[in-house]
Every structure is written in structure tokens, then in C-alpha cells.
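Me: I have a structure to go through with you, and I'd enjoy taking it one question at a time. Could you walk me through the side chains and how they pair up?

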Amino acid sequence: MALEDVNDNGTARLHQLVVTNPTGTDNKNQGDDHIRNIKRAIVDQFSGISGDSGSGSVTANATELNKLDGCTATTSNLNALAGINNIFNVVYPVGCIYESTSGTHPNTLFAGTTWSVFGAGKMLVGLDSGDTAFDQVNETGGSKTVTLTENQIPSHDHDDTFAVANVGDHTHEDTFAVADAGGHTHAFTDYTYQESVGQGGNSSAGMSQGKGSGDSDNDNYPARPRSATTESAGGHGHTLNGSISAAGGHGHTLTGSVNNAGGGQAHDNMPPYTVVYRWKRVS
């Protein structure tokens, strides 16, 4: 029967071989050709395994080779893992941060690498290019405690006990005086009575003044009381001149105090935190 068709251009593969060849009735030369096909397929399929002195022999067993079953890594991915130090470079490149609750130094954990303690007593903040306080790597700032300034304190009042002292009873001297109105008189109106001539009175007496003639003039008229008033001087006032003596520049004692509302101590400025060990790889 005809032998399987195995590529002879260097791309022969094992799946091209027919496991029933050669048959018992095949000629000897057909059996030889089948052996040649097997060799060609093995060499082409596993061209990287030469077995010469340069590459050495393959020593991996089936279990070890099967660990690659399902591996989809590229050659560059696998080359990055060449040697234990390369694994460290992939997982922890220079400049990365390593944190742990164990105090074992990463210089010991990752042989061939160098680490230093990083950010002791500080918290990490993500870079923010839009904020000048956080726009550069390794910028530092902040404070564990802070004392508020006057502008940072909320507006508020203080109670006080101020009082103006009592200056006691007192007077101010004055020089006031009522102005002299000067010499003057007020008009006086007197009502008199004419004596009766017909009754034997004195005809020349006319209008008599004084208290009246009484009974002595034989006029048979008894003396009469007279009615008189002082004429009104009219509404008027008197000038009051003078002034109250100036007390002079002086003050009154103000006693008391404003109650103290604070102690001026710094307050805690820390958010909740958990302490860990932290290192930075430097080489």
C-alpha cells in the first residue's frame, strides 16, 4: 500500500504519520520509508531539541513537561521569568513599594535585590496632576497635629463680667443768678367816695382819699373800707445768668474680665490608620 504523505520541506509533524504503517504485506523498502518518515517528523516537530553538546540532553520528565499544558505565554513572557531574579524584577521592579505585617527585610526575602525603609510614619497619597500639593512623586506634607489660627476658629462670643464703678453721690457747682430787674413801680388803683353835700358835708371836699372821713366831719356817713388792687405788670420774666461748673476731663472705672474660652493646645489631625512595614526597592 502507499505510504503516508509526510512533508519533506522541514515541516513534517507527528500527526501526519499513520500508525498502521507498515503493514505486514508491505515490501521491505516501504518499511524503510516509514522509518524515514518517523525520523523526519520527530526532527521537524522538535527542531529545538538537538541533543548535541551545545544544548545538552532533555532531562524533564512527563510530569514536568505537563506543567506547560495550557500555557499561552509568549516567548518574551517566558523569557522574563528566566532565573529567580527575573521573577523579582517582574513582580517587584525598582521603585515599587513592598508592604507586610512581617518584619523580615526584603533584602533577605528577595536575594540579589536592595530595599530601603520608605515613608516611615507617613501615609501614601495618589498622584494628582491637578493639585499642586500632590502633583509630584515623593512630595511630602501634612501634620500629625495642628493648632488652629484665629481665622480657622468658628465665630463665637465670650461671656464678660464688666461693670462701671459707682462714683457715689456728688454735685456740680454753679454760678447761676437772677438778673436785677432794676428800680420800678407797679400802678395802683384806689376807689374813693364823694361825700354827700346834702348831708352837711364839706362841699369842697370833693373826692376824698385816705381811709375816709369817718364820723368827725358831721356828714352822718360812717367811714367805709375801700377796695383797691395793684395793676398787673403783665407777663414777663427775669434773665438767669451763669453756668454749671465744668467737671473737667475724667473717667469712670470699668472693672471685670472676659472669660477665657480655650487652652490653645494642638489637636489630633490623624485619620484612622493601621501600621505596617514598608520598603521601597532601590536596585
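Me: Which residues form one aromatic cluster?
Reply: Happy to start there, and please keep in mind that this is a predicted model. The aromatic pairs come to a count of 9. The residues that form one cluster are Phe88, Tyr92, Tyr98, Phe110, Trp115, Tyr277 and Trp279.

Me: Is the ring pair of tyrosine 92 and tyrosine 98 stacked, tilted or edge-to-face?
Reply: The two ring centres are 5.4 Å apart, and the planes of tyrosine 92 and tyrosine 98 stand at 85 degrees. Planes over 60 degrees apart fall into one class. The pair of tyrosine 92 and tyrosine 98 is therefore edge-to-face.

Me: And how do the rings of tyrosine 92 and phenylalanine 110 pair?
Reply: Here the centres of tyrosine 92 and phenylalanine 110 lie 5.1 Å apart, with the planes at 35 degrees. Stacked needs under 30 degrees and edge-to-face over 60. That angle fits neither class, so the pair of tyrosine 92 and phenylalanine 110 is tilted.

Me: How many residues apart in sequence are the parts that tyrosine 92 and phenylalanine 110 tie together?
Reply: Tyrosine 92 sits in the loop between helix H4 (84–91) and strand E1 (97–100). Phenylalanine 110 belongs to the loop between helix H5 (106–109) and strand E2 (115–117). The parts tied together by this pair are apart in sequence by 18 residues.

Me: Is phenylalanine 110 buried or exposed?
Reply: Its partner tyrosine 92 is partly exposed, at a relative accessible area of 22%. Phenylalanine 110 has a relative accessible area of 10%. The limit for the lowest class is under 20%, so phenylalanine 110 counts as buried.

Me: Let's turn to charges: how many salt bridges does a search of the whole structure find?
Reply: In general, side chains of opposite charge can pair when their charged atoms come close. Aspartate 32 and lysine 28 are one such pair, with their closest N and O atoms 3.4 Å apart. Arginine 36 and aspartate 33 meet in another, at 2.7 Å from N to O. For the whole structure, the number of salt bridges found is 3.

Me: In which helix do aspartate 32 and lysine 28 both lie?
Reply: These two residues are 4 residues apart, about one turn of the helix. Lysine 28 is exposed at 68%, while aspartate 32 is partly exposed at 28%. Aspartate 32 and lysine 28 both lie in helix H1.

Me: Which residue meets arginine 278 in a salt bridge?
Reply: Arginine 278 is placed in strand E11 (residues 277–281). The pair links distant parts of the chain, with the partner in strand E1, 179 residues apart. From N to O the distance is 2.9 Å, and the partner is glutamate 99.

Me: What is the relative accessible area of arginine 278, and is the residue buried or exposed?
Reply: Arginine 278 touches residues including Ile97, Tyr98, Val117, Phe118 and Leu124. A polar atom of the arginine 278 side chain also lies 3.1 Å from the backbone oxygen of glycine 119. Glutamate 99 is partly exposed at 42%, whereas arginine 278, at 13%, is buried.

Me: One last stop: what is the area of the nonpolar surface patch that includes Phe46?
Reply: Phenylalanine 46 lies in the loop between helix H1 (28–45) and helix H2 (62–66), and is partly exposed at 41%. The patch is made by Leu14, Ile38, Ile42, Phe46, Ile49 and Val58. The area of this patch is about 490 Å².

Notes. Residues are numbered from 1 along each chain as its sequence is written. This is a predicted model: local features need pLDDT of at least 70, side-chain atom pairs count only at pLDDT 80 or more; totals for chains, interfaces and linings use all residues. Side-chain values use heavy atoms; hydrogens and water are left out. Buried means under 20% relative accessible area, exposed over 50%, partly exposed in between (1.4 Å probe, protein chains only). A polar contact is a pair of N or O atoms within 3.5 Å; within protein, one must be able to donate a hydrogen and the other to accept it, and residues adjacent in sequence count only if both atoms are side-chain atoms. Contact means heavy atoms within 4.5 Å. Rings of Phe, Tyr and Trp (its six-membered ring) pair if their centres lie within 6.5 Å; planes under 30 degrees apart count as stacked, over 60 as edge-to-face and the rest as tilted. Patches are made of residues with over 30% relative accessible area and no salt bridge: like charges are joined within 9 Å, nonpolar side chains (Val, Leu, Ile, Met, Phe, Trp, Tyr) within 5 Å. Accessible areas come from the Shrake-Rupley method with a 1.4 Å probe; for residues, only the protein chains shown count as cover. A salt bridge is a side-chain nitrogen of Lys or Arg within 4 Å of a carboxyl oxygen of Asp or Glu. Lists of a residue's contacts leave out its neighbours within four places in sequence.
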